[in-house]
Amino acid sequence: MKSSSLSLIAGTVALAAVTGFAALTAPGETNAAEPKAATRLPVERSTLLCPAPGRSDLAETTYTTVTPAADGAGGGGEAGTAELTQSNGTAGGTGKDAGDKDKKKDEEDKKGEKGDKKADPAKPVLSLKEPGRPAIAEVSGADAPALVGTATGRLAPGWAAQQTTLVEAGSRGLLGVSCSAPGTDFWFPAASTAKSREDYVHLTNPDDTAAVADIELYGPDGSLKSDVGEGITVPARSGVRVLISTLTSEAVEDVTAHVTTRTGRVGAAIRTADDTTGSDWLAASVSPTGTLVLPGIPADATSVRLVAFAPGDADADLKVQLLGTNGPISPSGNENLRVKSRMTAGVDLKDITKGEPGSLLLTPVKGGKGTPVVAALRVVRGKGDGREAGYIPATGPVGAQATGADNRAKGSTLSLTAPGATATVKVIASAGSDGGEQVVKTYTVKSGTTIAVTPPVPSGLKGGYALTVRTESGGPVHAARTLSLPKDGVQMFTVQTLPDDGGTVAVPEAVQDLSVLDD
């Protein structure tokens with residue numbers, strides 16, 4: 001046999017030793033190189049980033065983290081760790097200078113080091129001990145930093161974290177955001193540079209080297225030109241916040257912000273604040289695609305505004321439908337929405353839900369895959385001085401599993417919508433953080449409908465708990481969890497969507513065809 005043949009066999013044996021999936025097929029066999037289905041395996045490492053909670057001395061922030069128990073019963077696999085630790089700080093500024101404060105701090109820290117002595121690693125703010133039972137930490141005031149976290153071993157698959165901040169005065173609000181994995185490309189429709197708004201892009205770098213990011217803004221007439229949104233340095237293991245109204249001279253109600261990185265990776269989220277409707281986080285939309293689902297519009301919404309953006313060269317013509325409790329309906333006067341290329345489109349859907357919970361479905365008017373778009377909703381509850389706003393970005397389906405980490409004994413609502421075929425999901429209420437046992441319930445969601453339920457609560461609950469949604473059968477399901485904490489006549493609330501947690505990865509089985517090798 002030739003040396004190339006020996007090398008190939010040796011490589012295949014090595015692959016088999018590492019993965020268990022490689023297989024040899026002898027020359028002459030008729031079904032050689034026949035592909036086999038991929039196997040899904042749990043991830044062995046996960047990274048999450050939580051932005052700095054806010055700038056109010058009156059802020060009360062709760063961090064919750066959890067890894068779902070395997071099969072809803074108990075954890076398995078290798079032992080691991082899951083910790084969220086403080087970043088090196090969060091600097092504020094305008095565009096390129098936003099990271100200067102942290103760079104100066106790094107230089108001062110280096111000057112203060114003696115010899116080769118290294119700083120002690122950051123003390124964990126929150127550590128998870130076991131799958132299936134969340135851990136909770138609370139922080140007060142404006143100085144709470146961004147958090148950087150890693151989970152390994154049996155605590156990595158499906159690891160989730162959320163921060164929820166209550167501010168009762170000033171830019172009041174219940175601000176909730178799911179801590180997210182780092183990336184290089186994020187879209188945020190429904191941002192604003194209007195004079196009544198104060199929106200900050202928060203960038204968090206998990207790595208030991210600096211990242212460089214760009215922020216592009218698009219309004220109804222196209223790009224909002226700005227040079228200061230380019231080349232923003234995010235120092236190692238640090239956060240930067242940028243007030244987007246300082247990136248342009250134009251005051252625009254509906255803006256799409258696009259965050260990309262030139263080097264490195266970051267977590268990104270936008271903290272919004274409005275003079276009359278309070279504050280909340282705006283999470284990134286799902287990546288551009290032709291069909292979008294925005295789940296979890298509260299039944300008592302008094303105002304719903306849809307903001308969409310088409311990043312490509314083609315315009316998008318979208319069919320707008322509300323998936324309610326009894327099926328899809330088209331909002332009168334807003335049945336279709338035209339989104340011009342690289343221009344932000346906004347439409348006021350008013351009180352579209354009319355007292356019933358719903359979700360928005362955007363599809364191409366002419367069918368097919370359609371033009372890729374991103375979208376988000378700005379939802380208002382209450383009237384007059386009691387109005388409060390929250391945001392719902394377009395999101396992917398639950399898939400195999402999705403988790404909402406922060407739930408209380410009262411105030412949680414789980415929305416489930418099936419834009420395609422009827423589906424069945426299993427909802428698992430985890431054990432309580434300080435006591436209580438998990439509870440499991442199954443729901444069926446009919447095709448083209450949305451259901452909003454008070455989710456199950458762990459028996460004997462003490463503390464908080466997590467909700468995990470798993471698809472059992474049928475078509476895709478999109479989900480969102482609303483947390484409501486009414487205060488002094490104000491219906492404070494926040495909505496977090498629940499896309500697939502990426503707790504498993506597809507590993508294809510390798511089949512090696514040796515029939516082409518010479519003896």
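# A friendly walk through the strands and rings

Modeller: Let us start at one ring: Arg381 lies over the face of Phe493, 5.0 Å from the ring centre. A charge counts as over a ring if NZ of Lys or CZ of Arg is within 6 Å of the ring centre and within 35 degrees of the ring normal. This is a predicted model, where local features need pLDDT of at least 70, side-chain atom pairs count only at pLDDT 80 or more, and totals for chains, interfaces and linings use all residues. Residues are numbered from 1 along each chain as its sequence is written, and side-chain values use heavy atoms, with hydrogens and water left out.

Biologist: Thanks! Is strand 38 (residues 478–484) enclosed or open, and how many of its residues are buried?

Modeller: Strands are DSSP runs of E with at least two residues, numbered from the N terminus. Buried means under 20% relative accessible area, exposed over 50%, and partly exposed in between (1.4 Å probe, protein chains only). Strand 38 is largely enclosed by the rest of the structure, because the number of its residues that are buried is seven of the seven.

Biologist: Which residues of strand 38 point the other way from His478, Ala480, Thr482 and Ser484?

Modeller: In a regular strand the side chains alternate between the two faces of the sheet. In strand 38, His478, Ala480, Thr482 and Ser484 point one way, and the residues pointing the other way are Ala479, Arg481 and Leu483.

Biologist: Which residue of strand 39 stands opposite Leu483?

Modeller: Two strands pair if DSSP finds at least two bridges between them. On strand 31 (residues 412–418), the pairing with strand 38 is antiparallel over six bridges, and Thr413 stands opposite Thr482. Strand 39 (residues 493–497) also pairs with strand 38 in the antiparallel sense, over five bridges. Opposite Leu483 in strand 39 is Thr494.

Biologist: In the open sheet of four strands, what is the strand order?

Modeller: Strands of a sheet pair through backbone hydrogen bonds, either parallel or antiparallel. Here, five bridges join strand 5 (residues 82–86) to strand 9 (residues 147–152), which run antiparallel, with Gln86 opposite Leu147. The open sheet has antiparallel pairing and the order 3-9-5-7.

Biologist: Which are the edge strands of the order 3-9-5-7?

Modeller: An edge strand here pairs on one side only. The two that do so are strand 3 (45–50) and strand 7 (124–127).

Biologist: How many residues apart in sequence are the parts that Tyr218 and Phe309 tie together?

Modeller: Rings of Phe, Tyr and Trp (its six-membered ring) pair if their centres lie within 6.5 Å; planes under 30 degrees apart count as stacked, over 60 as edge-to-face and the rest as tilted. By this rule there are two aromatic pairs. Tyr218 and Phe309 form a tilted one, 4.8 Å centre to centre with 40° between the planes. Tyr218 lies in strand 14 (residues 211–219) and Phe309 in strand 22 (residues 301–309), so the parts tied together are apart in sequence by 91 residues.

Biologist: Which residue joins Tyr218 and Phe309 in a cluster of ring pairs?

Modeller: Tyr218 and Phe309 are both buried. Ring pairs link these two into a cluster with Trp187.

Biologist: Is Thr204 buried or exposed?

Modeller: Thr204 lies in strand 13 (residues 200–204). Its relative accessible area is 3%, so Thr204 is buried.
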